[in-house]
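Hello,

Please find the structure below. My notes on the strands and helices follow it.

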Amino acid sequence: MIRISYPDHAFKIREPQQGKEEIWDELRRSWVRLTPEEWVRQNFIQYLLGVQGYPASNMAVERMIRLGELNKRFDLLVFDRNAQPWMMVECKAINEHLDQRVLWQVLRYNMALPVKHLVITNGEECHAFVKGATDFETLDGFPSWPPVQ
């Protein structure tokens, strides 16, 4: 498990007409519903930007991918300097356990959109994996930016 120290960030939060809180997503440049999973995603994005030094221009949030007959959405995708998918992140709510089911979810997404690194997090726990010769191997630390080609 990788320990993460989230940076302080002045998130913009509002309560719209429907009574559901929203948070400003700097990458999508829009207000999104503030769910427990979204809170983890937004903090993790700030960790990648502020601590790891990943450029915002190399990130995509909640985009659709086709998985067989199903349309799914990944949480966060990081592209390398050649604009190729490099790392996929699956975020879960802080109270959700990161078990085999979560790992299999991101592995299925990887079939549709292959990447070198996979990350699963619930905000407290974080696990990272790198594609090896035949399988994904667990990492002790977080993949650094810029990616090594």
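V61 stands opposite L76 in strand β7. One pair of residues further on, A60 faces L77, also in β7. This is a predicted model. Both contacts belong to the pairing of β4 (residues 59-61) with β7 (residues 76-79), which is antiparallel and has three bridges.

Next comes the partner of β7 in the hairpin. Strand β8 covers residues 85-91 and runs antiparallel to β7, with four bridges joining the two. Here F79 stands opposite P85 of β8. Five residues lie between the two strands of this hairpin. A83 has a positive phi there, near 60°.

Now the whole sheet. It is open and has six strands, in the order β4-β7-β8-β9-β10-β11. The pairing is mixed. At the edges are β4 and β11 (136-139), each paired on one side only. From one strand to the next, the twist averages 20°.

Two helices pack on this sheet. Helix α1 (residues 36-50) touches β4, β7, β8, β9 (117-121) and β10 (126-131). The direction of α1 makes about 145° with that of β8. Helix α2 (residues 100-112) touches β8, β9, β10 and β11. For α2, the angle with the direction of β8 is about 150°.

If you want one place to begin, which residue stands opposite V61 in β7? L76 does. From there, follow β7 across to β8 through their four bridges.

Best wishes

Methods: Residues numbered from 1 in each chain as written. Predicted model: local features only at pLDDT ≥ 70, side-chain atom pairs only at ≥ 80, totals over all residues. Heavy atoms only, no water. Pairing = 2+ DSSP bridges. Axes fitted to C-alpha atoms, helices over the stretch in contact; angles between N-to-C directions. Contact = heavy atoms within 4.5 Å.
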